[in-house]
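Let's take a walk through the salt bridges of this protein. Have the model open and turn on the charged side chains as you read.

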Amino acid sequence: MDQLIPVVNKLQDVFSAIGKQTLDLPQITVVGSQSAGKSSVLETIVGRDFLPRGSGICTRRPLVLQLYCTGSGETATEEQHDTNGEEWGEFLHLPGQKFYDFSEIRAEIERETERLSGKNKGISNKSINLKIFSPYVLNLTLVDLPGITKVPTGDQPEDVEQQILSMCLEFISNPNAIILAVSAANQDLVNSEGIKLARSVDPDGLRTIGVLTKVDIMDHGTDCTDVLNNQVIPLRRGYIAVVNRSQKDIMENLPIRTGLVKESKFFQTHPKYRNMLAKCGTANLARTLNQMLMHHIRDCLPEIKARINKMLHDVSSKLASLGESLDDQGTSAKSAALLKIVAHFANNFSNKVDGKGSSEVNNEMTELYGGARISYIFTETFGKRLKTLDPFEGLTDEDIRTAIANANGTRPSLFVPEISFDLLVRKQIARLEQPGLDCLDKVQEEMLKMVQQSETLDLTRFPDLRDRTFEIVSQLLRNCMLPAQQMISNLIQIELAYINTSHPDFVGGKAAVAAAQQSRKLQQAPPGQAGQPRIAPGGGSGAAEAGGGSSGGPSTNHPTSSIAPFSGSSAGAPTAASDGNSGFFGFFQSPSGKGQASRAFGSTGSSGNNNYSDANDVSVVRLAQVPERMRCTSAPSDKERVETEIIKTLISSYFDIVKKNFMDLVPKAIMHFLVLSFKGSLQNELVGQLYKEQVMADLMRETDDIASKRKAFSEMRDLLRSALDIVNEVRDFQPVHH
């Protein structure tokens with residue numbers, strides 16, 4: 001049990017050698033306001049003068065003070081017992097050097113403080129580690145922190161108070177630290193900076209012990225018994241009162257041990273304090289701190305051991321990833337290392353594609369990575385976009401009418417020309433190629449990310465090998481892209497090569513006509529007066545009927561049942577329905593030839609706005625100038641509307657068929673020609689390009705920093721092993737339950 005504190009002291013030395021405090025070790029941290037007597041308390045515990053003194057702030061860097069009792073638990077050597085006695089100090093920054101003159105210890109603290117903090121009251125958070133070996137001390141580890149000051153002096157910055165507070169919080173926030181809050185007894189405790197700072201991180205006072213200084217200079221008639229009885233600001237570990245040497249004693253060089261005798265006499269003879277001697281005196285404070293620290297260390301050791309084991313495992317893994325140095329090894333060793341690195345790299349990529357590898361940042365439940373991202377592109381990015389793709393995107397009714405007119409040529413047609421459907425649907429199918437190529441590009445980008453994520457520490461050791469590897473990988477990826485791009489383009493070319501109107505899912509002409517009739521029926525206004533024309537579906541044959549008067553009954557043989565009203569002519573215009581199927585043919589027949597060309601190309605007959613007559617000579621009739629570019633921009637006739645609806649129905653049906661095929665085949669083509677082809681040939685391509693004796697030496701040359709990293713990790717591993725051995729010296733890890 002007595003050796004627990006030296007164990008932690010050794011651990012502190014180990015982690016100080018590592019260069020950073022990676023473990024929260026148990027220690028006693030001393031806080032308080034400037035001139036509260038912190039340094040005097042520490043000197044009294046040690047029994048020697050060794051801390052800097054003077055006006056203003058004296059402690060300007062944290063001092064980690066490790067006390068070792070040489071009278072019990074450790075045998076002093078002959079080297080330790082020289083003419084200067086059996087007490088000495090050692091600094092961590094001066095290994096092997098012993099200071100038997102404690103005034104030299106003070107001088108070295110001042111020199112080391114000035115080295116980083118300057119000579120004019122500057123502060124630094126870099127700690128000074130000092131060991132004191134003496135038969136008159138108990139094993140303790142204490143950290144003396146700068147006193148809290150309000151007004152900057154010398155070279156101190158304007159925010160010196162905040163800097164000191166931040167420094168103190170950095171140490172006392174350690175959950176394994178015991179806080180020694182020093183307060184002057186001749187001041188109101190509620191104004192104590194030490195207590196205030198301790199309560200900010202330990203509000204319940206579970207790991208805080210209070211120390212009251214300057215008890216001997218309190219006003220006559222006053223005492224601090226209520227504080228010692230934990231009645232003012234309760235602390236779990238209570239308060240202890242001490243009497244340090246006065247300034248006069250210090251100036252007269254009164255020995256500290258003589259001061260301890262005076263302190264003992266003061267408490268024993270005081271009418272109030274002699275009844276509570278267990279809570280008074282530096283000796284009681286040292287014993288209390290020693291017992292508290294030992295029990296606290298024993299409670300913390302299991303966690304400390306677990307943390308050290310984890311750190312050792314992490315460092316060993318990093319060191320193993322760096323491998324052994326190959327500089328002094330032969331070609332065979334370098335070749336074996338190269339093959340191992342290539343295989344590891346290719347295996348990492350394959351696992352990421354197949355979903356077998358784990359994410360480097362442990363985000364398996366927060367985001368997709370690897371092959372799952374490719375699947376997301378197929379289903380969400382590509383699939384959903386094609387599902388919402390409008391078959392008439394970029395295609396207007398005017399475009400359709402223009403295509404129909406071009407297909408008719410000079411002759412008005414009786415039926416919707418099939419060539420117009422063929423041309424228009426090809427145009428819409430060709431638009432599918434770009435989304436397929438975009439999907440391919442996005443998959444390639446994800447594969448590049450997976451390649452970068454597959455890089456191992458083994459590969460980073462050799463910069464030339466790494467650069468060459470990524471060069472080969474990039475070229476292989478480009479080579480696999482070409483057949484994938486060609487396949488996607490071929491899928492479109494295959495669809496364009498043959499428009500299969502016999503496809504079982506295709507709507508067909510008859511159904512398209514019926515759908516157009518139904519659409520016209522829904523759009524047709526209800527009859528308001530007798531003789532007003534009306535479109536009505538004509539059974540399964542798709543015939544059109546006109547209802548006259550109020551009867552609204554069907555009449556297929558009456559002359560007034562012709563389709564003439566759809567051509568824009570008057571109700572009595574002649575019709576061409578003499579073939580016996582007037583309802584169907586009437587949709588596509590040119591009603592009388594009158595005004596047909598003008599409707600097709602946007603003319604408006606004899607409108608005055610078209611300049612059909614010469615303004616200067618009304619007897620001369622002239623035609624308007626023929627435009628260089630003609631389109632069907634005028635209001636469509638009923639026949640043109642029906643033709644447009646039929647074409648749109650056919651395009652929509654066939655486009656959906658092609659779109660479904662494309663949505664299914666593009667991901668398959670990408671997986672076959674790009675993803676699986678790349679994954680399957682990656683390792684063979686790398687081995688074939690890299691495994692060459694003439695370039696082996698250059699490829700397997702390490703970077704300059706790898707050797708330094710390997711050395712640093714090796715040293716850290718050895719130190720952590722030493723730390724684990726130190727912890728394993730203590731066999732009893734059972735925590736003490738208070």
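Glu43, Asp49 and Arg245 are joined in a network of salt bridges. Keep in mind that you're looking at a predicted model. Within that trio, Glu43 pairs with Arg245, and their closest N and O atoms sit 3.9 Å apart. Glu43 is in helix 2 (residues 38-46), while Arg245 belongs to the loop between strand 9 (239-241) and helix 7 (247-251), so this pair ties together parts that are 202 residues apart in sequence. Are these two partners buried or exposed? Glu43 is buried, at a relative accessible area of 1%. Arg245 is buried as well, with a value of 13%.

Now move along to helix 3 (residues 102-117), home to Arg115 and Glu112. These two form a salt bridge whose closest N and O atoms are 2.5 Å apart. Being three residues apart in the helix, they're separated by about one helical turn. Their surroundings don't match, though: Arg115 is exposed, with a relative accessible area of 54%, whereas Glu112 counts as buried at 7%.

For another link between distant parts of the chain, find Lys648 and Asp397, where the closest N and O atoms of the salt bridge are 3.3 Å apart. Lys648 lies in helix 20 (residues 638-690) and Asp397 in helix 12 (residues 397-408), which puts the two 251 residues apart. Lys648 is partly exposed, at 21% relative accessible area, and Asp397 also counts as partly exposed, at 38%.

If you'd like to keep hunting, a search of the whole structure turns up 23 salt bridges.

Note on methods:
Residues are numbered from 1 along each chain as its sequence is written. This is a predicted model: local features need pLDDT of at least 70, side-chain atom pairs count only at pLDDT 80 or more; totals for chains, interfaces and linings use all residues. Side-chain values use heavy atoms; hydrogens and water are left out. A salt bridge is a side-chain nitrogen of Lys or Arg within 4 Å of a carboxyl oxygen of Asp or Glu. Helices (H or I, at least four residues) and strands (E, at least two) are DSSP runs, numbered from the N terminus. Buried means under 20% relative accessible area, exposed over 50%, partly exposed in between (1.4 Å probe, protein chains only).
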